[in-house]
Amino acid sequence: MIDFSFQNYGTNIQITNNETKYKLEEISGLNGFERNVNLLDFAGKDGSSYSTSKIPSREIVATISIVGDIETNRLNLIKTLRHNTNCTLFFETDNRHVYIEGRARTADISAFSEKQAGQIAFICANPFFHKYHNTKTDISSGSSYTTVTNDGDIPIGFRAGINLTSISGDPTKLEIEKNDSGGTHKIVINYPDGFQSGDSIVIQNEYQNYEKSVVLHRGGQSINLISGVDRVFTEWFYLNLGNNSIRYRIGGNYSYGGSHSCSITHREDYLAL
């Protein structure tokens, strides 16, 4: 059983489990996809080939029958699904509750047909389904690692929030460390002015769009610390499939005194529903 609805202009329309208005006849585009691979024969000076991959857009096409007050329900669909407007599609099965963002391409619902039905197409530039709820894990600052699990289908980024409730000594360095079969990977932040009690540091590490940011929140102000990323020792890592071992430290010390905490927040992505 699949539950399908979409939202546009703040209006939510429930398609399934709404038999007095709509009936979902068919839906396509929910399965996985392959990357488009471009191969250049002589990209390197040594004659080696070089390949790149491009993630294609996803097209979801829904065939919907309109029942009940046909004219009212048909107009409601057309008004909500204006051509080329942003939409959010929600799906729920026995195993997954996800959403995907796209643009309404067509709303081909004729007013002059014997059977009131039509096809609606959505073009999704980012073709991955996202888990509906975030997952938050509190990370240890001791010598042991904390397990952060990615139950999705692809590696994902994360948001790390470090709260320094009460510390002393104004440490000038923060580190988040991941250990896996490929070795140890660290994100190292240097702040010569020193971190203080009450500081909150947010590290945003996106996977799909490669955006990175580091922001210090102090006394109602936000300070951009992206220039403080140590370019020698930092390796921006992602959460691989399965379990990831992560810990953090302050001032080069895994057991820095005072009261502080770190949380990793992420949202799993899926190739297919």
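**Close-up views of a predicted model**

The protein exposes about 14,700 Å², and carbon and sulfur atoms supply 45% of this area. The model is a predicted one. Its secondary structure comes to 1 helix and 21 strands. Of its 273 residues, 40% count as buried. Among contacts with a separation of 6 or more, 69% are between residues 24 or more positions apart.

**View 1. Strands S1 and S7 run antiparallel.** Strand S1 covers residues 3-8, and 5 bridges join S1 to S7. Glutamine 7 stands opposite threonine 88, which lies in S7. Strand S7 spans residues 86-92, and 5 of its 7 residues are buried, so the strand is largely enclosed by the rest of the structure. Strands of a sheet pair through backbone hydrogen bonds, and the pairing can be parallel or antiparallel.

**View 2. Valine 98 is a buried residue of strand S8.** Strand S8 consists of residues 97-109. The relative accessible area of valine 98 is 1%; this is under 20%, so the residue counts as buried. Lysine 131 is 33 residues away from valine 98 along the chain, yet the C-alpha atoms of the two are separated by 4.5 Å. Leaving aside neighbours within four places in sequence, valine 98 is in contact with Leu89, Phe90, Phe91, Phe129, His130, Lys131, Tyr132, Tyr270 and Leu273.

**View 3. Four strands form an open sheet in the order S12-S19-S14-S15.** The pairing in this sheet is antiparallel. Strand S12 (146-150) and strand S15 (183-190) stand at the edges; each has a single partner strand, so one side of each is left without a neighbour in the sheet. From one strand to the next, the twist averages 25°. Strand S19 is made up of residues 242-250, and 5 bridges join S12 to S19. Threonine 147 has serine 245 in S19 as its bridge partner. In a regular strand, side chains alternate between the two faces of the sheet.

**View 4. The largest nonpolar core has 28 residues.** Ile176, Ile189, Phe195 and Ile201 touch the most other members of this core. At least two core residues are supplied by each of several strands, including S13 (158-166), S14 (173-180), S16 (200-205), S17 (212-218) and S20 (259-266). The largest share, 4 residues, comes from S13. Not counting residues up to four places away in sequence, isoleucine 201 touches Ala160, Gly161, Ile162, Leu164, Leu174, Phe195, Val214, Val215 and Leu216. A second, separate core has 24 residues, among them Phe6, Ile64, Leu77 and Val98. In soluble globular proteins, nonpolar side chains tend to be buried together.

**View 5. Histidine 185 is in strand S15.** The relative accessibility of histidine 185 is 10%, so this residue counts as buried. Its side chain makes a polar contact with the side chain of glutamate 235, at 3.1 Å. The side chain of histidine 185 also reaches the backbone oxygen of glycine 183, at 3.5 Å. Apart from residues up to four places away in sequence, histidine 185 touches Ile176, Glu177, Lys178, Asp180, Glu235 and Phe237.

How values were computed:
Residues numbered from 1 in each chain as written. Predicted model: local features only at pLDDT ≥ 70, side-chain atom pairs only at ≥ 80, totals over all residues. Heavy atoms only, no water. Buried < 20%, exposed > 50% of the residue type's maximum accessible area, 1.4 Å probe, protein only. Pairing = 2+ DSSP bridges. Axes fitted to C-alpha atoms, helices over the stretch in contact; angles between N-to-C directions. Contact = heavy atoms within 4.5 Å. Areas by Shrake-Rupley, 256 points an atom, 1.4 Å probe, with all protein chains shown as cover. Core = buried A, V, L, I, M, F, W, Y, C linked by side-chain atoms within 4.5 Å. Polar contact = N/O pair within 3.5 Å; in protein donor to acceptor, adjacent residues only side chain to side chain.
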